[in-house]
Amino acid sequence: MRAAVLEEHGEPLAVRDVDYPEPGADQVIVETEACGICRSDWHAWQGDWSWIGAGVPKGQILGHEPAGVVSAVGSDVETLEEGDRVAVPFHLGDGTCPHCREGRANNCETVLPLGLSEYSQGAFAEAFPVREADFNCVKLPDDVGFTEMAGLGCRFMTAYHALA
């Protein structure tokens, strides 16, 4: 499949062929229909995250504001099936820690930021895996478009959590 890969910070992303992901037991694979772009992507691309003591590795597939269609389902996933239309959050929570159980998955004790960790390749690709899919995937109503959903991305949740 094709993906936009970070090969060098500050250089154009390289569109290249990568392996199509296989779902782990708790995962689904989502085929990307749309993915927003935000300032976090810019910082990752520039290698400009030293101010928070982090860095995005070369070889990373960025993209953390996606919407798409489930194409494969892991053996332990109970609430999703192939063909489901879903949105996926920036912060992939584990669904079990106190923060996740209290509705604050953005503060998960084992959070994986989608597209910003080598353990969580992003949605600037034809497809991407989502861990703890039953917890992290949100089914989209038929009347909500993929592009509109991707346009909300973390902008909506940032504003929501700031107000809440």
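How far apart are the mean positions of the positive and negative charges of the chain?

1. In this predicted model, the mean positions of the two kinds of charge lie 6 Å apart, and the chain carries 10 positive and 27 negative charges.

2. The secondary structure of the chain consists of four helices and nine strands, and, read from the N terminus, these elements follow one another in the order β-β-β-α-β-β-β-α-β-β-α-β-α.

3. As to overall dimensions, the C-alpha atoms of the chain occupy a box of roughly 40 × 35 × 30 Å along the principal axes. The radius of gyration of the chain is 15 Å, which agrees with the value near 15 Å that a compact globule of 164 residues would have.

4. Turning to packing and surface, 42% of the 164 residues of the chain count as buried, while the chain exposes about 8,700 Å², of which carbon and sulfur atoms supply 52%. Among the contacts in the chain with a separation of 6 or more, 69% are made by residues 24 or more positions apart.

5. One residue deserves a separate look, namely Glu132, which is not a glycine and yet has a positive phi of about 40 degrees. Most residues other than glycine have a negative phi. Glu132 sits in the loop between β8 (127–130) and α3 (133–136), and its relative accessible area is 29%; because buried means under 20% and exposed means over 50%, Glu132 counts as partly exposed.

Notes. Residues numbered from 1 in each chain as written. Predicted model: local features only at pLDDT ≥ 70, side-chain atom pairs only at ≥ 80, totals over all residues. Heavy atoms only, no water. Helix = DSSP H or I, 4+ residues; strand = E, 2+ residues; numbered from the N terminus. Rg over C-alpha atoms; globule rule 2.2 N^0.38 Å. Buried < 20%, exposed > 50% of the residue type's maximum accessible area, 1.4 Å probe, protein only. Contact = heavy atoms within 4.5 Å. Areas by Shrake-Rupley, 256 points an atom, 1.4 Å probe, with all protein chains shown as cover. Lys, Arg positive; Asp, Glu negative; His and termini not counted. Charge placed at Lys NZ, Arg CZ, Asp CG, Glu CD.
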